[in-house]
Amino acid sequence: MNALERMKENLKQEIRQAVVEAGLAPLEEVPEVVLEVPKEKAHGDLATNMAMQLARIAKKNPRQIAEELIRRIHREKAFIKEIQIAGPGFINFFIDRSYLTEVLVEMDQAGDTYGESTTGQGERVLVEFVSANPTGSLHLGHARGAAIGDVLCRVLSKAGYEVTREYYINDAGNQMNMMALSLEARYREALGLDASFPEDGYRGQDMVQMGKKLAEEEGDRLLKLGEEERIAFIREYGLKHLLAKIREDLSRYRVEFDVWYSEKSLHDSGAVTEVVEELTRLGHTYEKDGAVWLKSTEFGDDKDRVLVKKDGSFTYITPDIAYHRDKYDRGFHRIVDIFGADHHGYIPRIKAAMAASGRDPEQMTFLVTQMVKLYQGGELVKMSKRTGKAVTMVELMEEVGVDATRYIFAMRGPDSHLDFDMDLAVSQSNDNPVFYVQYAHARINSVFRQAQERGIPLELDASVLSALKEEQEYDLLQKLASFPEEIALAAEQMAPNRVVRYLHELATQLHSYYNAHRVITEDRERTQARLALLSGVVQVLRIGLNLVGVHAPEKM
């Protein structure tokens, strides 16, 4: 708990005690004290709506309640300089911000662990994301989901959650058979033979290249096998190579998974059959037209769902139910699924199935990423210039870089549509959001190099921090002090974009401060104090950019 957090906790305690002393409510009935940062600085550093919360309980006017509370708050205990009542009864607090210089000492002691908290209390969280069919290259939707998922996992870990990253391999079902038939056709073509390409086959260039590789490695040996054995071999070969390519591409994107979970393993273990038997045993299925149906409307779905078709095969949702049931059975406290925009209707089905099986659907969180539109030269880009097909994640990384790709995809909430301007992403201007933040980090390091050239040590000297007196310096201190809380909120709200927004706000304050004040001056004490302040800013920028999976350059 840093200086700002201690001050806020002291203020909350003062407010709670004031409520009791004023006879407005017994301690056990005092509402939770909420402190917020007002949007306008003129309204103070912190504000609470406690007076309005108490109005109904105390049966008094909120402004009257606010006055009673103010009289009983010991300002010195919470480092309060001034208290004002605003509007219908908001209480605005102006704090003694010179106290915040202690944050720099605490940050220096914490090092790269600054911002960590016990908010998650070791709660086990499973985050499943990307999970693209292993039939081709990852596209822009996958890239956005990968960035959001990975940043969320980093933020959750920072906030004290025990996180597992999981990729669900769709290696069963018709799409794998179609992949195998497509690869077989390309294999025959590579051998110079006529091949009948499946009508709904996968026509990507990667399938052509894999067919050539298969022909080089195996020659015509596979043609001498029986059809079933040949297709089985080709299916496994294709799956292995396509998954390896996905792993490689994600690794280049700085995304690693702890678990690669096979759908096929659910079928092989009998888990898919078991889930139908379980739901039937619980009385939540019925037979109609030769098929087995789940009574999902009884659990909030808009219609009942078929689990087993009349030919005895499973629908696509049945192994998904088995998979999510297994997530619960592995002991995770919270289950997070990050889906593409086309999976929105899938959520109530899974929730209904989990409720039917006796699992708590409230343990699940679903983030649905919306569509991405790519622009270059002011025009919408739909096709890759290189292949004439949809632009892939790898092509975007190669075009604008991993830093820009990840940062821009992570900067918006998943539920908002995103226009990705490729020209802006590579520009060295303040309009480029990733450049703007990275430049703040590089700019500070440039100041450090100047200080070193002049023989000024970059040591944190607590005794000189009182030289920080400018309003913008206090603003920066308060922003740095709020970093742990920002991480905790981003984790609690499953909103990794909050971290990106925070970094942009911190960079804005830094650039404004730098443009208004010289850091290295003839006043050695003030210079050391300002260098100490900048060391705190660069520390948080580095930690924050690492959470986003973006480099923090020392030169640009």
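In helix α16, which spans residues 433-453, F435 and Y439 are four residues apart, and so they are separated by about one helical turn. The model that shows this arrangement is a predicted one. Within the helix, F435 is buried, with a relative accessible area of 11%, whereas Y439, at 28% relative accessibility, counts as partly exposed.

**Aromatic pairs**

A pair of aromatic rings is described by the distance of the centres and the angle of the planes. Across the whole structure, a search finds 16 aromatic pairs. One of them joins Y167 and F257, an edge-to-face pair with 5.4 Å from centre to centre and 85 degrees between the planes. This pair links distant parts of the chain, since Y167 belongs to strand β5 (residues 162-169) while F257 lies in the loop between α8 (227-252) and β6 (259-262), 90 residues apart. Y167 counts as buried because its relative accessibility is 0%, and F257, at 11% relative accessibility, counts as buried too. For F435 and Y439, the ring centres are 5.6 Å apart and the planes stand at 5 degrees, so that pair is stacked. The two pairs are set out below.

| Pair | Centre to centre | Angle between planes | Arrangement |
|---|---|---|---|
| Y167 and F257 | 5.4 Å | 85 degrees | edge-to-face |
| F435 and Y439 | 5.6 Å | 5 degrees | stacked |

Y167 and F257 also take part in a cluster, in which ring pairs link them with F129 and W260.

**Charges over rings**

Two arginines have their charged ends over aromatic rings: that of R124 sits over the ring of F332, 4.2 Å from the ring centre, and that of R406 sits over the ring of Y253, 5.8 Å from the ring centre.

**Domains**

The domain assignment of the protein chain gives domain 1 as 3-96, domain 2 as the two segments 124-169 and 257-369, domain 3 as 174-253 and domain 4 as 430-548. Between the C-alpha centres of domain 1 and domain 2 there is a distance of 45 Å.

**Strands β7, β8 and β9**

Strand β7 (residues 285-288) pairs with β8 in the antiparallel sense, over four bridges, and the two strands form a hairpin with two residues between them. In the turn of this hairpin, D289 has a positive phi of about 55 degrees. E287 has V292 in β8 as its bridge partner. Strand β8 itself (residues 291-294) points A291 and W293 one way and V292 and L294 the other way, and all of these residues are buried. β8 is also joined by three bridges to strand β9 (residues 305-308), and these two strands run antiparallel. There, L294 stands opposite R305 in β9.

**Strands β10 and β11**

Why is strand β11 described as largely enclosed by the rest of the structure? Six of the six residues of β11 (residues 364-369) are buried, and the description therefore follows. Both of its faces are covered, with M364, F366 and V368 buried on one side and T365, L367 and T369 buried on the other. Strand β10 (residues 334-340) pairs with β11 in the parallel sense over six bridges, and the bridge partner of F339 is V368 in β11. From β10 the chain crosses through helix α12 (residues 346-356) to β11, in a β-α-β crossover that is right-handed.

Key
Residues numbered from 1 in each chain as written. Predicted model: local features only at pLDDT ≥ 70, side-chain atom pairs only at ≥ 80, totals over all residues. Heavy atoms only, no water. Phe/Tyr/Trp six-rings, centres within 6.5 Å; stacked < 30°, edge-to-face > 60°. Buried < 20%, exposed > 50% of the residue type's maximum accessible area, 1.4 Å probe, protein only. Lys NZ or Arg CZ within 6 Å of the ring centre and 35° of its normal. Domains from an automatic or database assignment. Pairing = 2+ DSSP bridges. Right-handed = clockwise from strand over helix to strand, strands pointing away.
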